[in-house]
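Student: Please take one part of this model and go through it closely. I would like to know what surrounds it and how those surroundings are built.

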Amino acid sequence: MCNKHNIYSQSFDPLDVKQTSDGGFLILVRKLNNTSGYSDPYLLKTDKTGKIISEINEVGTDTGHPVGPLLFTGGAYYFFCLNKTDTRVVLVKVLPDGTVESTQTISNNSGEGDATRYLPLAGGVDGNNLLLLSYDNFGRSTVADVVNTNGVVTESQAYSIGEGDDYIEDVIISQFNQQNRQYPYAIGRVPGSSLYFNGFIDYTFTLAFVNLNTDAPARTIRGTQADGGFSCLYPHSANQFSSAIFNFNQLFYTPVSSLAQQNIDDIIPQTTTFQMAEVAATSHVAFTSTNVDNANYYLFASTSKSNQVIIHAYQSNGTLAGSKYLGFSNPYQAKSIINTNDGGLAIVGTTQVAGRFQRICLFKLSSQEVKDIVL
């Protein structure tokens, strides 16, 4: 599938895809806005074949810069964006049919500080609650929040990006005005353990494991200022992770690692690590795990240097099982990969129609096509 649009100057940057109960797909998109300087939220609903059912071009009033992923809890989908007028974070609730049910400015019920003055970086799910990673441009800090589905912050902690460091703040702010690279911010919970986030602390792009009741992270794995860090992280359990790492002009996949023995500045894990020479270091990396014939496989989706979507599949012991390229003729970039309810995969990304117009693409692989990759 590729979405068609009659405004030639309009560009679309998909953030995430989820399969809905009817077998179709809900896609959250950042629609680039050349007038306001901010991006706009855009929602696309398809049927199970990828045919477009509905499009929502406006979400609420004056909302901008949506961040992924789409967050599913309590039978509904959520995502965070900001109010372009006052930069307050807004929580958007979306029904499975793609209808926006509500928009709510987040609030703070603790009486400490103003939880509504942050710029959103990423979202996550923690049971029945949501997680928000944001940037406080007044306190110059990365902020981790637990937010309920009514938009109320119930726990919060801030971590300084480094006092007086205008360079790191410029890197962060550039993400909001559509300049420079989009950093792989993330927030989530390690199963049975602490929260984690991927963001800037003390001048460095850092993976931090945190308890929001304490001021300092319990543990950090630091990158190289803004030039190195984790491209993605997936915690299978408290002591097993899959990850991708960028370091200047290199990209590495680590299908299996405990991360337990890493030192504070040791960004490259001391386990099986693959340098991905065919993938650009700045490529977005998406991850999912899947089961084929009662065996687990770990799948990374990214973009090759020849501008194709490339999927690498690894056995659960870290051994490469296979790979598959998707897309031809036009340039393609991968943004998100998910399992589908028929045992297949769906990959959402972008393509350049006629080499010029950036549009959304959706690939659907059957269960047999997934088998063909790994067996």
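Tutor: Helix 2 lies across strand 22, strand 23, strand 24 and strand 25, and it runs at about 125° to strand 25. The model is predicted, and what follows describes that prediction.

The four strands just named form an open sheet in the order 22-23-24-25, paired antiparallel. Strand 22 and strand 25 are its edge strands, each pairing on one side only. On average, neighbouring strands of this sheet are turned by 25° against each other, direction ignored. Within the sheet, seven bridges hold the antiparallel pair of strand 23 and strand 24. One point of register in that pair is Thr303, which stands opposite Val309 in strand 24.

Helix 2 comprises residues 367-374, and it also lies across strand 27 and strand 28, running at about 85° to strand 28. These two strands belong to another open sheet, made of three strands in the order 26-27-28, again with antiparallel pairing. Its edge strands are strand 26 (332-339) and strand 28 (357-365), each of which pairs on one side only. The twist in this sheet averages 20° from one strand to the next. Strand 27, residues 345-353, is joined to strand 28 by nine bridges, and the two run antiparallel. For the register here, Ala346 can be taken: the residue opposite in strand 28 is Lys364.

Back to the helix itself. Which residues of helix 2 are buried? They are Val370, Ile373 and Val374. These residues sit on the same side of helix 2, because the arc they cover around the axis is only 85°. The elements that cover them include strands from the sheet of four, namely strand 22 (286-292), strand 23 (295-303), strand 24 (309-315) and strand 25 (320-326). Strand 27 and strand 28 are also among the elements covering these buried residues.

To put the parts together: helix 2 lies across strand 22, strand 23, strand 24 and strand 25, and across strand 27 and strand 28 as well. Its buried residues, Val370, Ile373 and Val374, have a cover that includes strands of the sheet ordered 22-23-24-25 and strands of the sheet ordered 26-27-28.

Note on methods: Residues are numbered from 1 along each chain as its sequence is written. This is a predicted model: local features need pLDDT of at least 70, side-chain atom pairs count only at pLDDT 80 or more; totals for chains, interfaces and linings use all residues. Side-chain values use heavy atoms; hydrogens and water are left out. Two strands pair if DSSP finds at least two bridges between them. Axes are lines fitted to C-alpha atoms, for helices over the stretch in contact, and angles run from 0 to 180 degrees between N-to-C directions. Contact means heavy atoms within 4.5 Å. Buried means under 20% relative accessible area, exposed over 50%, partly exposed in between (1.4 Å probe, protein chains only). The arc is that of the directions from the helix axis to the C-beta atoms.
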